[in-house]
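User: I would like a close look at a single part of this model, with its surroundings described in enough detail that I can follow along in the coordinates.

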Amino acid sequence: MKKDLLKHEKNEKLIEKHISDELFEGQLDSWYVCLHVREASYRKDYERRGYRNCDIKNYIPLINEITLRGGYVVRIGDTGMKRLPKMAKVIDYPFTNIKSPLVDLVLIKNCKFYVGNQSGPWDT
């Protein structure tokens, strides 16, 4: 059992290095916030449960405040979501080449804090 945990910890460190290299250009010396904003695309529920969906544009002031304070914002979700505009220190992670459920979990585990509405990773 302990051997499996050690193996997992080594894998997690490799994933963290991969995240640092791919998303933060090897310069992950700052803190980051994970942001998840539910949209209708994932469950194709455009006509039902609309009250659970939000517009990412409403979060731009928050994103700007986090980056002004020195943090990164890592937007998590799926490729059906609207893309964020290009902004310094903002990573639109669903559209990267390292998107995976395991990387999702490591990002969430290591973020300074998580902002999101009741859906997706919030339920994990």
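Which residues are exposed on the other side of α2? Please set the answer in the context of the buried face of that helix and of the chain around it.

Analyst: Since this is a predicted model, what follows describes computed geometry. On the other side of α2, the exposed residues are P61 and L68.

The opposite side of the picture is given by I63, I66 and T67, which are buried in helix α2, a segment that spans residues 60–68. Viewed down the axis of α2, these buried residues fall within an arc of 95 degrees, and therefore they line one face of the helix. The general background is that an α-helix has 3.6 residues a turn, so residues three or four places apart point the same way. As for what lies against this face, the cover over the buried residues of α2 includes β1, β2, β3 and β4, the last of these being residues 113–116. Just after α2, G70 adopts a positive phi of about 100 degrees.

It helps to place the helix in the whole chain, whose secondary structure amounts to three helices and four strands, arranged along the sequence as α-β-α-β-β-α-β. Of the 124 residues in the protein chain, 40% count as buried. Among the contacts with a separation of 6 or more, 59% are between residues 24 or more positions apart. The chain exposes about 8100 Å², of which carbon and sulfur atoms supply 55%.

One of the strands that cover α2 is β2, and Y72 in that strand takes part in an aromatic arrangement with F24, which lies in the loop between α1 (2–23) and β1 (32–36). A search of the whole structure finds two aromatic pairs. In one of them, the rings of F24 and Y32 have centres 5.5 Å apart and planes at 40 degrees, so that pair is tilted. In the pair formed by F24 and Y72, the centres are 4.8 Å apart and the planes stand at 90 degrees, so the arrangement is edge-to-face. This second pair links distant parts of the chain, with F24 and Y72 lying 48 residues apart. Together, the ring pairs join F24, Y32 and Y72 into a cluster. Burial can be given for each member, because the relative accessible area is 2% for F24 and 5% for Y32, while Y72 is likewise buried together with F24.

Further along, the loop between β2 (72–75) and β3 (90–92) contains D78, which counts as buried at 18% relative accessibility, the cut-off being under 20%. A polar atom of the D78 side chain lies 2.7 Å from the backbone nitrogen of G80. K89 is found in the loop between β2 and β3 as well, and its phi is positive, at about 65 degrees, although K89 is not a glycine. With a relative accessible area of 29%, K89 is partly exposed.

Two placements of charged side chains over rings complete the description. R83 lies over the face of F95, at 4.0 Å from the ring centre, and the charged end of K112 sits over the ring of W31, 4.9 Å from its centre.

To return to your question, α2 has a buried face lined by I63, I66 and T67, with P61 and L68 exposed on the other side.

Methods
Residues numbered from 1 in each chain as written. Predicted model: local features only at pLDDT ≥ 70, side-chain atom pairs only at ≥ 80, totals over all residues. Heavy atoms only, no water. Helix = DSSP H or I, 4+ residues; strand = E, 2+ residues; numbered from the N terminus. Buried < 20%, exposed > 50% of the residue type's maximum accessible area, 1.4 Å probe, protein only. Contact = heavy atoms within 4.5 Å. Areas by Shrake-Rupley, 256 points an atom, 1.4 Å probe, with all protein chains shown as cover. Polar contact = N/O pair within 3.5 Å; in protein donor to acceptor, adjacent residues only side chain to side chain. Phe/Tyr/Trp six-rings, centres within 6.5 Å; stacked < 30°, edge-to-face > 60°. Lys NZ or Arg CZ within 6 Å of the ring centre and 35° of its normal. Arc of directions from axis to C-beta.
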